[in-house]
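Let's take a walk through this protein together. Have the sequence and the 3D view open side by side, and we will go from one region to the next.

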Amino acid sequence: YQNHILRRCNGTSETDTEMCGIALTVSGIHINISSFDSTRSHSHTDNLQFSVDDLKAALRRRGPDSLGVKKVTLQHCENQISSFVEQDETLLCSANNDGNGELHFIGSTLQLRGTVPLVQPLVDASRNILVFNGEIFGGLELARDCNDGEFLMQTLGNCCSCGSCVTGYCVKCGKSSVTDVLSTIKGPWAIVYWQDSSRTLWFGRDAFGRRSLLVHWPTEEDSAFLLSSVSPVSPAQQASENEAHNGMEYISYWEELPCGIYSMHVDASNSNAFLVGEVQIHEYTNSILKELIKWERISVEPSSENLQTSHHKLSRRQHDVHSASLETVPCEAGSTQTAIPMRVHMLLNVLKESVKRRTSLYTIYQEVISGIRQEKFVPVAILFSGGLDSMILAALLDQCLDPSYEIDLLTVSFDGELAPDRKSAKAGLKELKRVAPSRRWRLVEIDADLSDLVFETSHVMSLINPANTYMDLNIGIALWLASGGNGWVSDADDNDATHARIKYKSNARILLVGSGADEQCAGYGRHRTSFRRGSWLGLHEEMKLDMQRIWKRNLGRDDRCIADNGKEARFPFLDEDVIRVLLDFPLWEVANLDQPSGTGDKKILREVAELLGLYEAAVLPKRAIQFGSRIARESNRKNFGSNRAANQASAGSVKICRKSNFN
């Protein structure tokens, strides 16, 4: 990003950074959302009943180290609005009947660095309020000893509040807009911010939806307006009968908030004695970010010469890799780099920087907080299948993380040692030990039996909400169990099957996840189908669709399931710089689906793996977590009777009935 906004905050090296669970409840304000959704107010939603204590409990699981609540009371008198901010430990979800408006901000924190706990919501001297769940990895420049939330609070406090502009530089007051500041952030974020002087509520999430933020829009039958990182209760636990009445279609109580920046200015009604607010959505203003959102690639369709050159390079590279893999002496990473195109080196460098900025010691939880001795402290873990993406992340993490730390590799199985992911994880561990022999790797084997997970399944149902298919649930359970880190490790360094296993729970609070690799590098089976039907242009359109809906289909769900264990998911493949570099490459250099599985899909990542010396991982086919862990097979047997019956019913996309086995 260019034209960085440069600020400094008065933090110290003891100030922390944190992941958060955030929420907002609004009452006593007549809210209009017709400017971007004219049908919403007339729709029918689930009658979801929950208490604020339920909401707090759900948020506290995301942020177990602290929880705070602040209330803004807006009083309307003679077309004037007065505001009051107070601590609110008696938060109620009752209707407001006194004519006042109330905004309740809730924030829970997971401390990731430092010794001084920072409790959200944050309130400044101007009575602005912020709850922020995110990481500022760039765009805004802040000192290493500065907390992201404090820094953002200070920066937003210096923004325009005169109401004459919502984007750009305000000529009237000479300040930047809130929209500009949020558009500049590189990194994942979800935010709720009250700008008191303008009586404006700002909220939103980053352009790729890497942090969850759910919304309940007000309707004619339910005037509540809520935002939350997570749903406190599953609809399946309340078995509403609404869907059967009059053939009406009821939508979920919660929705994934579409990526964007929103504002709601609160004003006094001219004709009635109540407060009104109109929600507006604003485009991101950063030009580079807008290009990434469009996800348009310049070079999509190759010429015959392009394909011939690409095929020649592939043949040469495969020969060199085969020769290197047959060496009796382990090869150094990058020994085949003479046959690797410069584009692959570029991607490797930007991926390494992405991992580095997500795992540098000033961004991760310090052992002084946890009370764990330095040699026992594991700051970062990897969601690990031994597949291409997680192997690349592991090798890069080894290069970025201080060698004194162990690295936990979290692998989940619903079929013991027989699950494909368990087999590839063990093979991957051996390869990692070959390329990084000085690193202490710990393979954490998390075993589960779906039939024993009655309570856990019900709990994950609430986490994936508003997603509601068997595929979402299967993925959610696998992610939730894996991120919990509660499993078994070998009592020997070599993880030999002949050695006994001992119980172990990973305490790493940061979890690297490979999300985004398949979407950007054509790793899914549907990409090959699109290529067969529509050639290169069809493939590009399918990949573009995947990237533009990843916030709704994947990332919100995944963030909620992982964060529920008090872990922060970080997605190196979805770094803005990584996305930009991959988009700059011709499509046929990223993937070539004329080639077989394990070669042409995610072609450029396979070349990155070879540069890292990961020759075995470089040829592994794609396996989704629900299949590699075998939870899909167990779920099919449980809910459809057999895999065959499940396949005939297209089980993955089947919505879970409220009165199903999950009640």
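Which residue of β10 does Asn-133 stand opposite? Keep in mind as you look that this is a predicted model. The partner of Asn-133 is Ala-190 in β10. That pairing belongs to a longer match: strand β8 (residues 129-134) and β10 run antiparallel and are joined by six bridges.

Stay with β10, which covers residues 189-195. Another neighbour is β11, which pairs with β10 over six bridges, again in the antiparallel sense. To find this pairing on your screen, look for Trp-194, which stands opposite Leu-201 in β11. β10 and β11 form a hairpin with four residues between the strands, and there Arg-199 takes a positive phi near 55°.

How many of the seven residues of β10 are buried? The count is seven of seven, and the two faces of the strand share this cover. On one side sit Trp-189, Ile-191, Tyr-193 and Gln-195, and on the other Ala-190, Val-192 and Trp-194, all of them buried.

From β11 we can step to the aromatic rings. The model holds ten aromatic pairs. One of them joins Phe-203 and Tyr-262: because the ring centres are 5.1 Å apart and the planes meet at 5°, this pair is stacked. Phe-203 lies in strand β11 (residues 200-205) and Tyr-262 in strand β15 (residues 260-268), so the pair ties together parts that are 59 residues apart in sequence. Both partners are hidden from solvent by the cut-off of under 20% relative accessible area: Phe-203 is buried at 0%, and Tyr-262 is buried at 1%. For an edge-to-face pair, turn to Tyr-253 and Trp-254, with 5.5 Å from centre to centre and 75° between the planes. Tyr-253 and Trp-254 are both buried too. Going back to Phe-203 and Tyr-262, ring pairs link these two with Trp-217 and Phe-225 into a cluster.

Rings can also have a charge for company. The charged end of Arg-526 sits over the ring of Tyr-524, 4.2 Å from the ring centre.

Now find Trp-488, in strand β20 (residues 486-490). Is Trp-488 buried or partly exposed? With a relative accessible area of 30%, Trp-488 is partly exposed. Leaving aside neighbours within four places in sequence, Trp-488 is in contact with several residues, among them Leu-443, Val-444, Arg-501 and Tyr-504. Lys-503 is also in contact with Trp-488; the two are 15 residues apart in sequence, yet their C-alpha atoms are 4.6 Å apart in space.

Next comes helix α15 (residues 576-584), which is mostly covered, with seven of its nine residues buried. The buried ones are Glu-576, Asp-577, Val-578, Ile-579, Val-581, Leu-582 and Leu-583. What covers them includes α4 (287-294), α6 (342-359), α12 (517-521), α13 (525-548), α16 (587-590) and α17 (603-611). At the N-terminal end of α15, Asp-575 acts as a cap, with a side-chain oxygen 2.8 Å from the backbone nitrogen of Asp-577.

We finish with the cysteines. A disulfide is a covalent bond between the sulfur atoms of two cysteines. How many disulfides does a search of the whole structure find? The search finds zero. Two cysteines worth a look are Cys-160, buried at a relative accessible area of 6%, and Cys-561, buried at 0%.

Technical notes:
Residues are numbered from 1 along each chain as its sequence is written. This is a predicted model: local features need pLDDT of at least 70, side-chain atom pairs count only at pLDDT 80 or more; totals for chains, interfaces and linings use all residues. Side-chain values use heavy atoms; hydrogens and water are left out. A disulfide is a pair of cysteine sulfur atoms within 2.5 Å. Buried means under 20% relative accessible area, exposed over 50%, partly exposed in between (1.4 Å probe, protein chains only). Contact means heavy atoms within 4.5 Å. A polar contact is a pair of N or O atoms within 3.5 Å; within protein, one must be able to donate a hydrogen and the other to accept it, and residues adjacent in sequence count only if both atoms are side-chain atoms. Rings of Phe, Tyr and Trp (its six-membered ring) pair if their centres lie within 6.5 Å; planes under 30 degrees apart count as stacked, over 60 as edge-to-face and the rest as tilted. A charge sits over a ring if NZ of Lys or CZ of Arg is within 6 Å of the ring centre and within 35 degrees of the ring normal. Two strands pair if DSSP finds at least two bridges between them.
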